Amino acid sequence: MIDDVDTELHFTPRQQAVLEQALRLLVEGGEKSVTTAGIARAASCSKESLYKWFGDRDGLLSAMIAYQASKVRTFESAGHRLDADELRRHLSAFAQDLLEVLAGDVSLALNRLAIGRVTKDGQKLGRMLLERGRAQIDQRARALLEDGRRSGLLVFDNGDEAYRVFYGLIVGDSHVRFLLGEAADRGLFQRRAERAVERFWTLFAAA
């Protein structure tokens, strides 16, 4: 059986609800709205609870990023060999989720905030996005590709390179376009994800 990787193990349902409110405030009001007082009020919790769960403001931002990254689903096998249909289905789900998350208001707000703060406090938020967001997504996706290779479905020498090809086939220059304000046509995401998987399969599928 294929089980969802539980990427939200570190967040209780209550904490997830709080993080959703924090992300909503970020989208609606920008960086200045992400305060412990504002989040506590919006989420109907105490500031003490926020400090206990997430620590300081950087800890809260890190948790927001990790929670947002968890919305990109990936899968890992429970020790059995995948078949081609399973693997293609999971790759397509990952690709579609990735496009949805990258095009979403929350991810765009976080990335724009990180870009705007580069000259203010170094690249702290940018590093958070890479380490708690992108790196977590990449790690889980590479594990799925490795499952495909162990199952005899994919052939590649370097998992990182294979994943970078897959990521490029999915995203292309879309993320930059979204950041610059181009509207995302979400109705095309499923077909775009399927097309990326088809092209990746042509390049890396076993004979």
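**Two domains of a predicted model**

Colleague: How far apart do the end C-alpha atoms of residues 12-72 lie?

Modeller: In this predicted model, the span 12-72 is 75% helix and 0% strand. An unreviewed UniProt entry annotates these residues, 12-72, as "domain: HTH tetR-type". Between the end C-alpha atoms of the span the distance is 18 Å.

Colleague: Which residues does UniProt list for "DNA-binding region", and what is the helix content of that span?

Modeller: The listing, which comes from an unreviewed UniProt entry, gives residues 35-54. The end C-alpha atoms of residues 35-54 lie 13 Å apart, strand accounts for 0% of the span, and the helix content is 80%.

Colleague: Over which residues does pLDDT stay under 50?

Modeller: The protein as a whole averages a pLDDT of 86, and 91% of the residues score at least 70. The part where pLDDT stays under 50 has 23 contacts beyond four places in sequence in the model, and it consists of residues 1-9.

Colleague: How much area do domain 1 and domain 2 bury between them?

Modeller: The protein is divided into domain 1, residues 13-69, and domain 2, residues 73-204, and the C-alpha centres of the two lie 25 Å apart. In terms of contacts, 12 residues of domain 1 meet 16 residues of domain 2. Of the area that domain 1 and domain 2 bury between them, 70% is on carbon and sulfur atoms, and the total is about 1,400 Å².

Colleague: Which residues of domain 1 lose the most area to domain 2?

Modeller: For the buried area of about 1,400 Å² between the domains, one can ask how the domain 1 side is made up. Three residues together account for 39% of what that side buries, and they are Ile65, Gln68 and Ala69.

Colleague: Which element gives the most to the side of domain 1 that touches domain 2?

Modeller: Across the interface of domain 1 and domain 2 the rule finds 0 salt bridges, while 3 residue pairs are in polar contact there. The elements that give two or more residues to the side of domain 1 that touches domain 2 are α1 (13-29) and α4 (57-69). With 8 residues, the element that gives the most to that side is α4.

Colleague: Why are Arg24 and Glu28 separated by about one helical turn?

Modeller: The salt-bridge count comes to 11 by this rule, and in one salt bridge the side chains of Arg24 and Glu28 meet at 2.8 Å, N to O. The two residues are separated by about one helical turn because both belong to helix α1, where their spacing is 4 residues.

Notes:
Residues are numbered from 1 along each chain as its sequence is written. Side-chain values use heavy atoms; hydrogens and water are left out. pLDDT is the predictor's confidence in each residue, from 0 to 100. Contact means heavy atoms within 4.5 Å. UniProt positions are given in the numbering used here, feature names are shortened, and annotations may be inferred rather than shown by experiment. Domain bounds come from an automatic or database domain assignment. Buried area is the accessible area (1.4 Å probe) that two parts lose on being put together, summed over both. A salt bridge is a side-chain nitrogen of Lys or Arg within 4 Å of a carboxyl oxygen of Asp or Glu. A polar contact is a pair of N or O atoms within 3.5 Å; within protein, one must be able to donate a hydrogen and the other to accept it, and residues adjacent in sequence count only if both atoms are side-chain atoms.
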